[in-house]
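This report goes through a single protein chain, from its sheet to the helices packed on that sheet and then to its aromatic rings. Please keep the sequence and the coordinates at hand while reading.

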Amino acid sequence: MSINVVKQYSVFLINEPGALKNFAELFVRENVDVIAISQDVRYDAAVVRLVVKYDQEISHALTKAGFTSVKTDAICIDTVNRVGLLHDIGAVLSGHGINITTIYGTAGAGPNSRWIVVVNDITKALNALESSGIFE
C-alpha cells in the first residue's frame, strides 16, 4: 500500500475524433508516464484529468502545445482492493471535515486498486488517511 502526492492536470480538449490520440502524443514526446486518466465529455468539449508523478512537470509542455490546463495536487492511493474501500476513504476524510472535490479509481483483475483523490486540504487528508489504519 502507498499514499503519495501526485499532480493532476485538468486539460480542455475539443471533442472530436483523434483529439485524445493527438493529446497523448505530447506525453510520448515529453517521456511522461500517465498514471491515471479520466475524461468528462460535454457536447463539443471535454475535460481530461490526467495524473503524473509529483516530480514530473508538464505545464510548460501543455502550454507550448496550445492546451489550457489547471494543475492541482492530488492524493494517489495504491492499495489492496476490497468491498467497502471507497466508503472507508470517504468516512475517514469526512470524519476530519475534509471535502473531496474529485475522485476516480479502478481495480484490475488482480488484487490491487488505485484511487485518485483531490481534496480541499491535502496535508490534513494525507495525515488522516495515513493514520486511519484502513490500509494495513
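Which residue in strand 6 does Asp78 stand opposite? The model examined here is a predicted one, and in it Asp78 stands opposite Arg114 in strand 6.

## The sheet

The pairing just named belongs to an open sheet of 6 strands, whose order is 2-3-1-4-6-5 and whose pairing is antiparallel. Strand 2 (34-42) and strand 5 (100-107) stand at the edges with a single partner strand each, so one side of each is left without a neighbour in the sheet. From one strand to the next, the twist averages 25°.

Strand 4 is joined to strand 6 (residues 112-119) by 6 bridges, the two strands running antiparallel, and the bridge partner of Ile75 in strand 6 is Val117. Strand 4 also pairs in the antiparallel sense with strand 1 (residues 2-14), over 10 bridges, and here Ser10 stands opposite Val70 in strand 4.

## Two residues within strands

Val47 is placed in strand 3 (residues 45-53). Although Val47 and Val11 are 36 residues apart along the chain, their C-alpha atoms are separated by 5.5 Å. Once residues up to four places away in sequence are not counted, Val47 touches Ser10, Val11 and Phe12, and also Ser38, Gln39 and Asp40.

Thr102 lies in strand 5, one of the two strands that stand at the edges of the sheet. Is Thr102 buried or exposed? The cut-off for a buried residue is under 20% relative accessible area, and Thr102, at 16% relative accessibility, therefore counts as buried. Leaving aside neighbours within four places in sequence, Thr102 is in contact with Gln8, Arg49, Ile116, Val117 and Val118; among these, Val117 is also the bridge partner of Ile75.

## Helices on the sheet

Helix 1 lies across strand 1, strand 2 and strand 3, and runs at about 130° to strand 1. Helix 4 (residues 122-131) packs on the sheet as well, where it touches strand 1, strand 4 and strand 6, and its direction makes about 0° with that of strand 4.

In helix 4 the buried residues are Ala125, Leu126, Ala128 and Leu129. Seen down the axis of helix 4, these buried residues fall within an arc of 165°, so they line one face of the helix. The face turned away from that buried side carries the exposed residues Thr123 and Ser131. The cover over the buried residues of helix 4 includes strand 1, strand 4, helix 3 (85-95) and strand 6. Just after helix 4 comes Gly133, which takes a positive phi of about 80°.

## Helix 3

The buried residues of helix 3 are Leu85, Ile89, Val92 and Leu93. Why do these buried residues line one face of the helix? Seen down the axis of helix 3, they fall within an arc of 90°, and so they line one face. This agrees with the general geometry: an α-helix has 3.6 residues a turn, so residues three or four places apart point the same way.

On the face of helix 3 turned away from its buried side are the exposed residues His87, Ser94 and Gly95. What covers the buried residues of helix 3 includes strand 4, strand 5, strand 6 and helix 4, while helix 3 is in turn included in what covers the buried residues of helix 4. Helix 3 is followed by Gly97, whose phi is positive, near 70°.

## Aromatic rings

The count of aromatic pairs comes to 2. Phe23 and Phe27 form an edge-to-face pair, with 4.9 Å centre to centre and 85° between the planes. Both residues lie in helix 1 (residues 19-29), 4 residues apart, which is about one turn of the helix, and both Phe23 and Phe27 are buried. For Phe23 the relative accessible area is 1%.

Phe23 also forms an edge-to-face pair with Phe67, at 5.0 Å centre to centre and 75° between the planes. This pair links distant parts of the chain, since Phe23 is in helix 1 and Phe67 is in the loop between helix 2 (59-64) and strand 4 (69-80), 44 residues apart. Ring pairs thus link Phe23, Phe27 and Phe67 into a cluster. A ring contact of another kind involves Tyr54, over whose ring the charged end of Lys7 sits, 5.2 Å from the ring centre.

Technical notes: Residues numbered from 1 in each chain as written. Predicted model: local features only at pLDDT ≥ 70, side-chain atom pairs only at ≥ 80, totals over all residues. Heavy atoms only, no water. Phe/Tyr/Trp six-rings, centres within 6.5 Å; stacked < 30°, edge-to-face > 60°. Buried < 20%, exposed > 50% of the residue type's maximum accessible area, 1.4 Å probe, protein only. Lys NZ or Arg CZ within 6 Å of the ring centre and 35° of its normal. Contact = heavy atoms within 4.5 Å. Pairing = 2+ DSSP bridges. Axes fitted to C-alpha atoms, helices over the stretch in contact; angles between N-to-C directions. Arc of directions from axis to C-beta.
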